[in-house]
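Welcome to a short tour of a protein chain. Have the sequence and the model at hand, and we will walk from the overall fold down to single residues.

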Amino acid sequence: MTDAAVLRRLAAAALVAAAVVPSGVVREGPVVCPFRAVTGRPCPSCGMTRSWSAMGHGRFVEASGHHLFGPITFLTAAALVVGGDQRTASLLDPSGRVRTALGLLGAAWAVSWVWRLATTPAEPRR
């Protein structure tokens, strides 16, 4: 099995899980993020599970409230599943365009994390 096929299958499994696992389980579940458990502050991906769950259940506005990149990554995963192995393989190619896009996405993600750190009050430690 190619790397593209593995990536597509993982994306499909994540999309199915987002749609099948009840939202209440995700919203009311324990904090599993070690960074957040220790610091009381959000890590770069805090809120992604809740965001994906909201997307999987059709609550798009709520999804972006949990994490700005949740809807973007959810839709990207859906595009990978629909796009086929050849299109997915082209995304895995380390060409200049892909590197530039991933670099810009990484920079935007870092900026959003800094913003969340600055604007989100620390939770008390448990």
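## Fold and core

Read from the N terminus, the elements of the protein follow the order α-α-α-α-α-α-α. That makes seven helices and zero strands. Please keep in mind that this is a predicted model.

As for overall dimensions, a box of roughly 45 × 35 × 25 Å along the principal axes holds the C-alpha atoms of the protein. Its accessible surface amounts to about 8100 Å², and carbon and sulfur atoms contribute 68% of that. The protein has 126 residues, 27% of them buried. Among contacts with a separation of 6 or more, 64% link residues 24 or more positions apart.

Now to the interior. The largest nonpolar core contains 12 residues, namely Ala11, Leu15, Ala18, Met48, Trp52, Ala54, Met55, Ala63, Phe69, Phe74, Ala77 and Trp109. Two or more residues each are given to this core by α1, α4 and α6 (69-92). Which element supplies the largest share of this core? It is α4, with four residues.

## A look at helix α4

Helix α4 spans residues 48-56, and its buried residues are Met48, Ser51, Trp52, Ser53, Ala54 and Met55. After α4 comes Gly58, with a positive phi near 80°.

Met48 is a good place to start looking around. Setting aside residues up to four places away in sequence, Met48 touches His67, Phe69, Gly70, Thr73 and Trp109. Two of these partners, Phe69 and Trp109, are also listed with Met48 in the largest nonpolar core.

Ser53 is another residue of helix α4. What does Ser53 contact, once its neighbours within four places in sequence are left aside? The partners are Ala18, Val21, Ser23 and Val26. Of these, Ala18 is a member of the largest nonpolar core. There is also a C-alpha distance to note: Ser53 and Ala63 are 10 residues apart along the chain, and their C-alpha atoms are separated by 7.7 Å.

## Buried and exposed residues

The table gathers four residues with their relative accessibility and the class that goes with it.

| Residue | Relative accessible area | Class |
|---|---|---|
| Ser53 | 5% | buried |
| Ser112 | 13% | buried |
| Leu10 | 58% | exposed |
| Val61 | 72% | exposed |

Why is Ser112 classed as buried? Its relative accessible area is 13%, and buried means under 20%. Ser112 sits in helix α7, which covers residues 96-119. A polar atom of the Ser112 side chain lies 2.8 Å from the backbone oxygen of Trp109. Trp109 itself has already appeared, both as a member of the largest nonpolar core and as a residue touched by Met48.

Turning to the exposed residues, Leu10 belongs to helix α1 (residues 3-20). Leu10 counts as exposed because its relative accessibility is 58%, and the cut-off for exposed is over 50%. Together with Met1 and Val6, Leu10 makes a nonpolar surface patch of about 330 Å².

Val61 lies in helix α5 (residues 60-66). With a relative accessibility of 72%, Val61 is therefore exposed too. Val61 and Ala107 are 46 residues apart along the chain, and 23 Å separates their C-alpha atoms.

How values were computed
Residues numbered from 1 in each chain as written. Predicted model: local features only at pLDDT ≥ 70, side-chain atom pairs only at ≥ 80, totals over all residues. Heavy atoms only, no water. Buried < 20%, exposed > 50% of the residue type's maximum accessible area, 1.4 Å probe, protein only. Patch = residues over 30% accessible without salt bridge, like charges linked within 9 Å, V, L, I, M, F, W, Y side chains within 5 Å. Areas by Shrake-Rupley, 256 points an atom, 1.4 Å probe, with all protein chains shown as cover. Salt bridge = Lys/Arg side-chain N within 4 Å of Asp/Glu carboxyl O. Polar contact = N/O pair within 3.5 Å; in protein donor to acceptor, adjacent residues only side chain to side chain. Contact = heavy atoms within 4.5 Å. Core = buried A, V, L, I, M, F, W, Y, C linked by side-chain atoms within 4.5 Å.
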